[in-house]
Amino acid sequence: MLTLRKHELKGHDVFEFMQGELLDDHWLDNSIYLTEEVLNETQLIEEFNNSSVNFNYYGPTVVNKETWECIKQEVLTSKSIKTQKLLLEIDTWANICFKNHHCFTICGI
């Protein structure tokens, strides 16, 4: 798997995908985490930057369901199998998130 859970982390240079908007707490158990290496090895950052998300590498980025659907469509036409695999892992988590939240937040490193 390309995504990690909190108990699998070996360091702090990761991007946290948290359910809902960033409030006070992060490093949550129900978040998923991506290492900087995994995110940079895929085209996902490019897709975030090409969307209306305005990706913040070092801070919070809010992604709503509509924007996520657009990003998914772009990535699924990508030639990068690794990027598609990463997207599907995030999407499984995002589908759970969107049942209770209107967005998710990516906390940069």
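Author: A definition to get going: a residue is buried when its relative accessible area is under 20%, exposed over 50%, and partly exposed in between. Keep in mind that this is a predicted model.

Reader: Fair enough. Are F48 and F55 buried or exposed?
Author: The cut-off to beat here is under 20% relative accessible area. Both F48 and F55 fall on that side of it, so they count as buried.

Reader: How many aromatic pairs does a search of the whole structure find?
Author: The ring centres have to lie within 6.5 Å of each other for a pair to count. Run over the whole structure, the search comes back with 11 aromatic pairs.

Reader: Take F15 and Y57. What kind of pair do their rings make?
Author: Their ring centres sit 5.1 Å apart, and the cut-off for a pair is within 6.5 Å. The planes meet at 80°, while anything over 60 degrees gets its own label. So the F15 and Y57 pair is edge-to-face.

Reader: And how many residues apart in sequence are the parts that F15 and Y57 tie together?
Author: F15 belongs to strand β1, residues 14-19. Y57 is in the loop between α2 (44-50) and β3 (60-64). The pair therefore ties together parts whose separation in sequence is 42 residues.

Reader: Are F15 and Y57 buried or exposed?
Author: There's no split between the two partners here. F15 and Y57 are each buried.

Reader: Back to F48 and F55: what sort of aromatic pair do they form?
Author: Centre to centre, the F48 and F55 rings are 5.4 Å apart. The angle between their planes is 10°, and the limit for this class is under 30 degrees. The F48 and F55 pair is stacked.

Reader: Which residues do ring pairs link into a cluster?
Author: You've met four of the names already, in the F15 and Y57 pair and the F48 and F55 pair. Ring pairs join them up with Y58, giving a cluster of F15, F48, F55, Y57 and Y58.

Reader: On to the helices. How do α3 and α4 run relative to each other?
Author: The axes of α3 (residues 65-76) and α4 (residues 81-97) come within 10 Å, crossing at roughly 155°. The crossing is left-handed, too. The angle cut-off for this class is over 145 degrees, so the two helices are roughly antiparallel.

Reader: How do the residues of the contact of α3 with α4 divide?
Author: From α3 you get W68, K72, V75 and L76. From α4 come T83, Q84, L87, L88, I90, D91 and A94. The division is 7 nonpolar, 2 polar and 2 charged.

Reader: Is Q84 buried or exposed?
Author: Q84 sits in helix α4. Leaving aside neighbours within four places in sequence, Q84 is in contact with V75, L76 and S78. Its relative accessibility is 19%, so Q84 counts as buried.

Reader: What is the phi value of W27?
Author: W27 is in the loop between β1 and β2 (32-35), and at 27% relative accessibility it counts as partly exposed. Its phi is positive although W27 is a residue other than glycine. The value is near 60°.

Reader: How far apart are the C-alpha atoms of C103 and M18?
Author: C103 is in strand β4 (residues 103-107), and at 0% relative accessibility it counts as buried. Not counting residues up to four places away in sequence, C103 touches several residues, including Q19, G20, V62 and C97. Along the chain C103 and M18 are 85 residues apart, but their C-alpha atoms are separated by 9.1 Å.

Reader: How far apart in space are E8 and G20?
Author: E8 lies in the segment before β1 and is partly exposed, with a relative accessible area of 36%. In sequence, E8 and G20 are 12 residues apart. From C-alpha to C-alpha, that becomes 22 Å.

Reader: One last one: which residues does S51 touch, not counting those up to four places away in sequence?
Author: S51 is in the loop between α2 and β3, and its 21% relative accessibility makes it partly exposed. The C-alpha atoms of S51 and E74, 23 residues apart along the chain, are separated by 9.5 Å. The residues S51 touches are T67 and I71.

How values were computed: Residues are numbered from 1 along each chain as its sequence is written. This is a predicted model: local features need pLDDT of at least 70, side-chain atom pairs count only at pLDDT 80 or more; totals for chains, interfaces and linings use all residues. Side-chain values use heavy atoms; hydrogens and water are left out. Rings of Phe, Tyr and Trp (its six-membered ring) pair if their centres lie within 6.5 Å; planes under 30 degrees apart count as stacked, over 60 as edge-to-face and the rest as tilted. Helices (H or I, at least four residues) and strands (E, at least two) are DSSP runs, numbered from the N terminus. Buried means under 20% relative accessible area, exposed over 50%, partly exposed in between (1.4 Å probe, protein chains only). Axes are lines fitted to C-alpha atoms, for helices over the stretch in contact, and angles run from 0 to 180 degrees between N-to-C directions. Angles under 35 degrees count as roughly parallel, over 145 as roughly antiparallel, 65 to 115 as roughly perpendicular and the rest as oblique. A crossing is left-handed if the near helix is turned anticlockwise from the far one by less than a right angle, and right-handed if clockwise. Contact means heavy atoms within 4.5 Å. Ala, Val, Leu, Ile, Met, Phe, Trp, Tyr, Cys and Pro count as nonpolar, Asp, Glu, Lys and Arg as charged, and the others, Gly among them, as polar.
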